Amino acid sequence: MAALEREISEAVDRFVEADILNEDVREETFKKVLEALDQKRIEMLDLVLHLEKALNDHTNPTSRRNAIQLLSDCLRDASQLKLNFKHVETFANFFTSKLGDWQCVEGAVGGINVLLRKHAALVKTLKHSTEDGEESMALYLAKSLFKEVHTPSHTQSVRNMVLETVNVLLDDWKEDLRQLGPKLGEGVSASIEEERDPRNLLVSFTIARKVLGDFPAESVDKDALVALFETLTSYFPITFTPPKGDKHGITGDDLRLGLSNALGATPRLAEYVVPFFLDASKDLDSEAEETIKQASSMLASVLGQYGPKIAQEHLKEIFETTRDQVCRTSTTYGANFCDMVKSSLAVSMRGVPSGLHPHWLSKD
């Protein structure tokens, strides 16, 4: 442990005291700190000690926010940084303790994200003490994230960091997350609600698909299942068109594919999703063609994911909706309804030998 060199100390202080962390400030300050870490002129502990006052200054939210952001960014970008299990444990507990501080959420979640991605091997060795004994550190981090962070109330960048961290947890820490039981479904549902940014929606659809498709039903109880269904279907139909000069490369097709994959992730959703798309296909307003087209396409997609048994159970509803719309209304979208029937039959007949009339395909 040592006091920071004057040049480094001044760079750190300027970073912490900046009202806005624009690229100029980061270039002049963060770069110096990062170089000092990589050259081993300072250690992370030196930096933590220097930032102690700012991190605990309850009268200055800006300095608290910037100080924890600096620590998170250093952990993420320092290429020569070597942490042992004690370092990782200390940082994990520290970042978790800051999740309840609204100003510090971005840096705290970013720090947790780095620990889970770059130091996973060490995180796997760590335990967190509870009143009932011990639990894995990853489980503790997930619990804290879902409990302390109200994702919809934050800016796009913070929401994105939370969603990406949940995504990492769902990918790499399945056994730990299964121990959350129904709180996992509740946490994911709360994290994605009210999202509107296309960048975040892609991640939201991905984590919804994973929690519904990769985890047992116990992880997503009935209430969470319905909440996820209602959140996901609130984005239908997707009419997003990238703005001129868009740099993110996200298209309406990307979002539609993500949504249909999420809604098709588990047959448990079929009782809600199939009637929803059938009702949507009855839309007769000025944008009916696009709505009916998307409803037909997504219905085919989800039935393909649910499988033949589910498709067979809903064939009668699909036939009746098609008959009513084509034969009893003045709809001009008969071709779309024909496509809906054909795709539903194709899934239903999957695995049925050619020439065989299955018992479930009757006049009733």
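Which helix gives the most to the lining of the largest pocket? In this predicted model, that element is helix 4, with six residues in the lining. The following paragraphs set out the overall architecture, then helix 4, the two pockets, and several individual residues.

The protein contains 18 helices and two strands. Its C-alpha atoms fill a box of roughly 85 × 50 × 35 Å along the principal axes. Of the 364 residues, 49% are buried. Among contacts with a sequence separation of 6 or more, 71% are between residues 24 or more positions apart.

Helix 4 covers residues 61-77. At 1.5 Å a residue, its 17 residues should span 24 Å, and the computed distance of 24 Å between its end C-alpha atoms agrees with that expectation. Twelve of the 17 residues are buried, so helix 4 is largely enclosed by the rest of the structure. The buried set comprises S63, R64, N66, A67, I68, Q69, L70, L71, S72, D73, C74 and L75. These buried residues pack against five helices, namely helix 1 (6-17), helix 2 (23-38), helix 3 (44-55), helix 5 (85-97) and helix 6 (105-118).

The largest pocket holds about 440 Å³ of space. Its lining consists of 16 residues, and those nearest the centre are Q69, D73, R76, E106 and S157. Two or more lining residues come from each of helix 4, helix 6 and helix 9 (156-172). By class, the lining of the largest pocket has three nonpolar, seven polar and six charged residues. Two of the residues nearest the centre of this pocket, Q69 and D73, also appear among the buried residues of helix 4.

The second largest pocket encloses about 370 Å³. Its lining is made up of 19 residues, with M44, L45, V48, T90 and F91 lying nearest the centre. Helix 3 and helix 5 are the elements that each give two or more residues to this lining. The most is given by helix 3, with seven residues. In the lining of the second largest pocket, eleven residues are nonpolar, three are polar and five are charged. Helix 3 and helix 5 are also among the elements against which the buried residues of helix 4 pack.

With a disulfide taken as a pair of cysteine sulfur atoms within 2.5 Å, the model contains zero disulfides. C74 is in no disulfide, and the nearest cysteine sulfur, that of C104, lies 15 Å away. C74 counts as buried because its relative accessibility is 0%. For C327, the closest cysteine sulfur belongs to C338, at 9.4 Å, which is too far for a bond. C327 counts as exposed, with a relative accessibility of 60%.

Strand 1 (residues 127-130) includes H128. This histidine counts as buried because its relative accessibility is 17%, below the 20% limit for that class. Leaving aside residues up to four places away in sequence, H128 touches N93, G133, E134, E135, S136, M137 and Y140.

The loop between helix 13 (222-233) and helix 14 (252-263) contains I238. I238 is buried, with a relative accessible area of 6%. When residues up to four places away in sequence are not counted, the contacts of I238 are F205, G252, L255, R256, L259 and Q294. I238 is separated from D73 by 165 residues in sequence and by 35 Å in space, C-alpha to C-alpha. P237 also lies in the loop between helix 13 and helix 14. The peptide bond from F236 to P237 is cis, with omega near -10°.

Positive phi values are found at K40 and E194, neither of which is a glycine. For K40, phi is near 60°, and the residue is located in the loop between helix 2 and helix 3. K40 is exposed, with a relative accessible area of 52%. E194 has a phi of about 70° and belongs to the loop between helix 11 (182-192) and helix 12 (198-213). E194 is exposed, with a relative accessible area of 60%.

How values were computed: Residues are numbered from 1 along each chain as its sequence is written. This is a predicted model: local features need pLDDT of at least 70, side-chain atom pairs count only at pLDDT 80 or more; totals for chains, interfaces and linings use all residues. Side-chain values use heavy atoms; hydrogens and water are left out. Helices (H or I, at least four residues) and strands (E, at least two) are DSSP runs, numbered from the N terminus. The expected span of a helix is 1.5 Å times one less than its number of residues. Buried means under 20% relative accessible area, exposed over 50%, partly exposed in between (1.4 Å probe, protein chains only). Contact means heavy atoms within 4.5 Å. On a 1 Å grid over the protein atoms alone, a cavity is a set of points where a 1.4 Å probe fits but cannot get out, and a pocket is an open set with protein on both sides within 12 Å along at least five of seven lines; lining residues have an atom within 4 Å of a point. Grid points are joined across faces, edges and corners, and a volume is the space filled by probe spheres set on the points. Ala, Val, Leu, Ile, Met, Phe, Trp, Tyr, Cys and Pro count as nonpolar, Asp, Glu, Lys and Arg as charged, and the others, Gly among them, as polar.
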